[in-house]
Amino acid sequence: MTKSTLAFLLCLGCFAAVAQTNTEAYKLGVEGVLKVDNGEYKEGISLLKKARNLEPQDYDFAFEIGKAYLKSGNPKMAEKYLFPLQYHTQVQADLYLLLAQCYYELDDNKKTPNPDRKKELDALRYGLQKLPSEGVLYLELGRRNIEMEKPVEALVVLESGILNAPNFAENYYWAAKLLIAADNHLWAWLYAEVCYNQTDDVDLKRSAAMIVTGSSNIVFAGKWKADPEKLDQDIQFAFANKCFKSLDIEFDNQLLKRQCLLENFEGSPLSITPILARQKLIISKGWHAAYIWSILQESDKESFLKWIPENAVEFDEFRNWSYWNPLVLKAPIRRLNP
């Protein structure tokens, strides 16, 4: 059973308990979703339509019919059922994701696809107007701009997501990737570090750690150009004049430079204060080395394997704590001054 199926069943179960929905419709809906989940699209759609006929105002039945049509390779019928749901009081972000995919597939099936992909992108933009705090919509719109080779537009969208949905980790990761391409290693590092401290997705965490390592090392070495923003200039000045000392061993250098950054910016009213505060908290718990090695283990496995035997307990304590205590932002991380 997929996560989306489970979510649908739980949703229907809650709705049944609260609203006393038609039990026959509920039964048909569950059977229909399970059929679709098993690839039996015709039978599943038929059952879902019967359920919808019993509960014509229900959001979930119509949504599942549209999703089933899309999965079965019929985006035209999917759009027919999904489009009206944009105006439903219970509309959710995944509706706009599916609609965008419908328009993408419909356009892709044409002899001459529209290079602007307007309807596809407009579906996501309209979703953002309705649900401006849904980080996944910014992510999807940003990704599609990247596919269309529009990195500037993609970065604007992703950073809007960072401002409006500050605890949605993936937007930081994709913004960091774009900033690497723009040679902005300071913010590639900082965004990736936010993502690293927020997400519990193993693959995303690993990928973010690689960006943190690469871009922070460039910043620590002074091989970067600061943007005109005050924070960027202040950090460049600190590393050039107060944190200039470097060590040959990567771990030691990370430890030294991070400590110096804290000493020079702790207590400052900066947008990166939450990152610094989390570093201070980790240090207070005696896990600074464990934290740095959790990031470096992918890029320097040999050294990590030498360190871990005598520090396994500390490392496990830190990992368990960080899993159950992700970084939660109360205000957005802001790269550009308003």
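A residue counts as buried here when its relative accessible area is under 20%. Keep that cut-off in mind as you move through this predicted model.

**Whole chain.** Start with everything shown as a cartoon: you should find 18 helices and zero strands. The C-alpha trace spans about 70 × 45 × 35 Å along its principal axes. Of the 338 residues, 46% are buried. Switch to a surface and you are looking at about 17600 Å² of exposed area, with carbon and sulfur atoms supplying 54% of it.

**Helix H4.** Now select residues 59-71. With 13 residues at 1.5 Å each, this helix should span 18 Å, and its end C-alpha atoms agree, being 18 Å apart. Is H4 enclosed or open? Because 12 of its 13 residues are buried, H4 is largely enclosed by the rest of the structure. Among the buried ones are Tyr59, Phe61, Phe63, Ile65 and Tyr69, along with Asp60, Glu64 and Lys67.

Zoom in on the start of H4, where a side-chain oxygen of Asp58 comes to within 2.9 Å of the backbone nitrogen of Asp60. Then go to Gly73, which follows the helix and has a positive phi, near 95°.

**The cores.** Next, select Trp187 and Tyr191, the residues with the most contacts inside the largest nonpolar core, a set of 61 residues. Helix H11, residues 185-198, gives the most to this core, with 10 residues. Apart from this core lies another of 34 residues, including Val36, Ile45, Ala93 and Tyr96.

Finish by displaying what surrounds Trp187: its contacts include Leu179, Leu231, Ile272 and Ile333, as well as Asp232, Ser271, Arg334 and Arg335.

How values were computed
Residues are numbered from 1 along each chain as its sequence is written. This is a predicted model: local features need pLDDT of at least 70, side-chain atom pairs count only at pLDDT 80 or more; totals for chains, interfaces and linings use all residues. Side-chain values use heavy atoms; hydrogens and water are left out. Helices (H or I, at least four residues) and strands (E, at least two) are DSSP runs, numbered from the N terminus. The expected span of a helix is 1.5 Å times one less than its number of residues. Buried means under 20% relative accessible area, exposed over 50%, partly exposed in between (1.4 Å probe, protein chains only). A polar contact is a pair of N or O atoms within 3.5 Å; within protein, one must be able to donate a hydrogen and the other to accept it, and residues adjacent in sequence count only if both atoms are side-chain atoms. A nonpolar core is a set of buried Ala, Val, Leu, Ile, Met, Phe, Trp, Tyr and Cys residues joined through side-chain atoms within 4.5 Å. Contact means heavy atoms within 4.5 Å. Accessible areas come from the Shrake-Rupley method with a 1.4 Å probe; for residues, only the protein chains shown count as cover. Lists of a residue's contacts leave out its neighbours within four places in sequence.
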